[in-house]
Amino acid sequence: MEWMIHETEIFVRRELEGESSGHDWWHINRVTNMARRIAEEEGADLFICTMAALLHDLADDKLYESEEAGLKRIQEWIDQIGVKPDEQEHILTIIKTISFKGGHGPGLSSLEAKVVQDADRLDAIGAIGIARCFAYAGSKGHIIHHPDVQPRESMTTEEYRNSEGTGINHFYEKLLKLKDLMNTKTGFQIAEKRHEYMQQFLNEFCDEWNGIT
Ligand code: ADP
Ligand code: NI
């Protein structure tokens, strides 16, 4: 099993080379480490969580022509290295569940899916989440903040991507909601600390914006 994980790491690194849309290798690496940590606490299957975390962002239409093409590539890979059919099925279901935008994947069907989704979401909050948010905003040509931009919580990610956003808006649209969407107790505990850190950041940002501090 260890060598399958190792080979998959090499495979993912190669696939993501030159990828700059926020799905870089270090995101994958952090999510994988976090998934393993949560899996151990929650008693989830470590191999399944590790493999799903490593492969979770490859089913992205930014990398391949379509999500389906990405999933096919993942399936071919895990088949090629000899992952058992029922485990292949499980890994693919997790990736479908957590990676599809707009929530049209299957529901969260297993503890392992819950663990990997928590790990992925934790990487969007806290200090790392703040950094990723502004890196993403910059890459889309969005500004940091505009006082006229009202947080509109009903917007979908897709609408938001197409709209004129700001980095700060994304906190209200998504990042501040993630804590309460955690699936596992371990994920929630880590999210609480990161959530508080984001709130502190927003308070400080607001005070500096208004020239108070
Ligand atoms: P993931 O890699 O977890 O599937 P996404 O592809 O949705 O995440 O987003 C990558 C990163 O960019 C995340 O940290 C996310 O919060 C951030 N991001 C996504 N959309 C926006 C946005 N409209 N404004 C600012 N940051 C965003
Ligand atoms: Ni991700």
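Donors are N, O and S atoms within 2.8 Å of the metal. The model used in these exercises is predicted.

**Exercise 1. The nickel site**

Identify the protein donors of the nickel ion (ligand 2) and locate His56 and Asp120 in the fold.

*Solution.*
1. Apply the cut-off. The donors are His27 (NE2), His56 (NE2), Asp57 (OD) and Asp120 (OD). They lie 2.1 to 2.5 Å from the ion.
2. Read their spacing in sequence: H-x28-H-D-x62-D.
3. Place two of them. His56 sits in the loop between H3 and helix H4 (67-80), and Asp120 in helix H6 (residues 111-122), so this pair ties together parts 64 residues apart in sequence.
4. Check burial. His56 is buried, and so is Asp120.

**Exercise 2. One face of H1**

Find the buried residues of H1 and work out how they are arranged around its axis.

*Solution.*
1. Helix H1 (residues 2-16) has 15 residues. From first C-alpha to last, H1 reaches 21 Å, close to the 21 Å expected at 1.5 Å a residue.
2. List the buried residues: Met4, Ile5, Thr8, Phe11, Val12, Glu15 and Leu16.
3. Look down the axis. These residues fall within an arc of 125°, so they line one face of H1.
4. Recall the helix geometry. An α-helix has 3.6 residues a turn, so residues three or four places apart point the same way.
5. Find the partners. The buried residues of H1 pack against helix H2 (25-42), H3 and H4.

**Exercise 3. The core**

Describe the largest nonpolar core and the surroundings of Ile91.

*Solution.*
1. The core has 55 residues; Val12, Leu55, Ile91 and Phe171 have the most contacts inside it.
2. Its largest share, eight residues, comes from helix H3 (residues 46-55).
3. Domain 1 (1-102) and domain 2 (125-212) each supply at least three residues.
4. Leave aside neighbours within four places in sequence. Ile91 then contacts Ile48, Met51, Ala52, Leu55, Ile78 and Val83.

Methods. Residues are numbered from 1 along each chain as its sequence is written. Chains are lettered from A and ligands numbered from 1 in the order in which they are written. This is a predicted model: local features need pLDDT of at least 70, side-chain atom pairs count only at pLDDT 80 or more; totals for chains, interfaces and linings use all residues. Side-chain values use heavy atoms; hydrogens and water are left out. A nonpolar core is a set of buried Ala, Val, Leu, Ile, Met, Phe, Trp, Tyr and Cys residues joined through side-chain atoms within 4.5 Å. Buried means under 20% relative accessible area, exposed over 50%, partly exposed in between (1.4 Å probe, protein chains only). Helices (H or I, at least four residues) and strands (E, at least two) are DSSP runs, numbered from the N terminus. Domain bounds come from an automatic or database domain assignment. Contact means heavy atoms within 4.5 Å. Donors are N, O and S atoms within 2.8 Å of the metal (3.2 Å for Na, K and Ca); water is not among the atoms, so sites may look incomplete. The expected span of a helix is 1.5 Å times one less than its number of residues. The arc is that of the directions from the helix axis to the C-beta atoms.
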